[in-house]
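Good morning, colleagues. Please keep the sequence and the structure in view while I speak.

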Amino acid sequence: MSKYKQEILSYLMAHQTEYVSGQTLANHFNISRTAIWKAIEALKTQGFTFESIKNKGYRITDLPHQWDRDLLSYVLKDAIIDQLYVYEEVTSTQTIAHELCLTHDEPLLVLSEIQTSGRGRYKRPWSSQQNTGLWMSLVLHPNISYQQIATFNLFISIAIAEAIKAITHLEPKIKWPNDIYINNKKVCGFLTEINGDSDGVHTVICGIGININHNIDDFDGRLRQTATSLKIESKEEIDRYQFIKTLMDMIAHYYDMFLTQPFSEIKSVYKSYSMIWDRTLRYTEGNKQIHGKAVDLKDDGVLVVLDDNGALHQFISADIEV
């Protein structure tokens, strides 16, 4: 039944502007009208709303507000993944992705409605509320050198920024290397972890967290000063399914560029999104901490910073306070 349910949903989504009769569906899939009815009833329990008119058939009128695996499978049918894992609640999608890597060799996506222990860079906690954001981990297998991984984050951050811009028409900015801001408040962060050996990097696990439909009251007092959401900034509710489709399309495009082109080819695009130029900021990498201005971004992704004393410093992945 689950197989037919997915296929019936895909058919109805492809004909969403018209009514489709139960007999048409039965003939198309070579199953009984009863099987069609059972599939429709199962979809209703998942949050799909149907209009049903005698002698006309079924038409989808509303979609689930929560993440639904059947609908995501349809929306992401052309994505760069072979497997999709959707959960209602996990500790962290990144943790689940690491576990799946032990038994899976194909590209996959892990998505959860809630994370109880979401984390970002430097093991910082990430608040992951239900029905509001996008909490995901994408597993890819690029087979690249360790030197190339620094620019992976830069390519993917452009993909995220352009997805946000396409959906909201806002002007997102990137805080090097990969945090996304709107109006000087953080809307997205992502964490890249790798598995490899002496031959290079074989697996990249990219955890992405995006605040989509949060209201200001969804953030605690401290976060209200530093965090925002696409809804807050655009003043419109965002269709999360439309957003993840756009995001995955952008990631596919820039991931292909990452594999086939040097970062120098799109460095100017990255710099146009960057928010750190002409600002004196604090840079921390390990035990090293300076105040200075970013003056250059090298072709290998290394950031060059001029400190207050006129000395130049190079950073691979510093924490920057804005």
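I shall discuss two sheets, then the helices.

This is a predicted model, in which local features need pLDDT of at least 70 and side-chain atom pairs count only at pLDDT 80 or more, while totals for chains, interfaces and linings use all residues. Residues are numbered from 1 along each chain as its sequence is written, and side-chain values use heavy atoms, with hydrogens and water left out.

Two conventions come first. Helices (H or I, at least four residues) and strands (E, at least two) are DSSP runs, numbered from the N terminus. Two strands pair if DSSP finds at least two bridges between them.

Let me begin with the sheet of 7 strands, which is open and has mixed pairing. Its order is 3-4-5-9-8-7-6. Strand 3 (83-90) and strand 6 (173-175) form the edges, each pairing on one side only. From one strand to the next, the twist averages 20 degrees; axes here are lines fitted to C-alpha atoms, for helices over the stretch in contact, and angles run from 0 to 180 degrees between N-to-C directions. Within this sheet, strand 7 (residues 179-182) and strand 8 (residues 185-197) run antiparallel and are joined by 3 bridges. Ile180 stands opposite Cys188 in strand 8.

Which strands does helix 5 lie across? Helix 5 (residues 93-101) lies across strands 3, 4, 5, 8 and 9, and runs at about 145 degrees to strand 4; contact here means heavy atoms within 4.5 Å. Helix 8 (residues 240-260) lies across strands 4, 5 and 9, at about 30 degrees to strand 5.

I turn now to the other sheet. Here 5 strands form an open, antiparallel arrangement in the order 13-12-11-10-14. The edges are strand 13 (312-315) and strand 14 (319-321). Neighbouring strands of this sheet are turned by 45 degrees against each other on average, direction ignored. Strand 11 (residues 288-297) is joined to strand 12 (residues 303-307) by 5 bridges, and Lys293 has Leu306 as its bridge partner.

Finally, helix 3 (residues 33-45). At 1.5 Å a residue, its 13 residues should span 18 Å, and the end C-alpha atoms are 19 Å apart, which agrees; the expected span is 1.5 Å times one less than the number of residues. Its buried residues (under 20% relative accessible area, 1.4 Å probe, protein chains only) are Ala35, Ile36, Ala39, Ile40 and Leu43. Seen down the axis, they fall within an arc of 140 degrees, so they line one face of the helix; that arc is taken from the directions between the helix axis and the C-beta atoms. Just after helix 3, Gly47 takes a positive phi of about 110 degrees.

Technical notes:
Buried means under 20% relative accessible area, exposed over 50%, partly exposed in between (1.4 Å probe, protein chains only).
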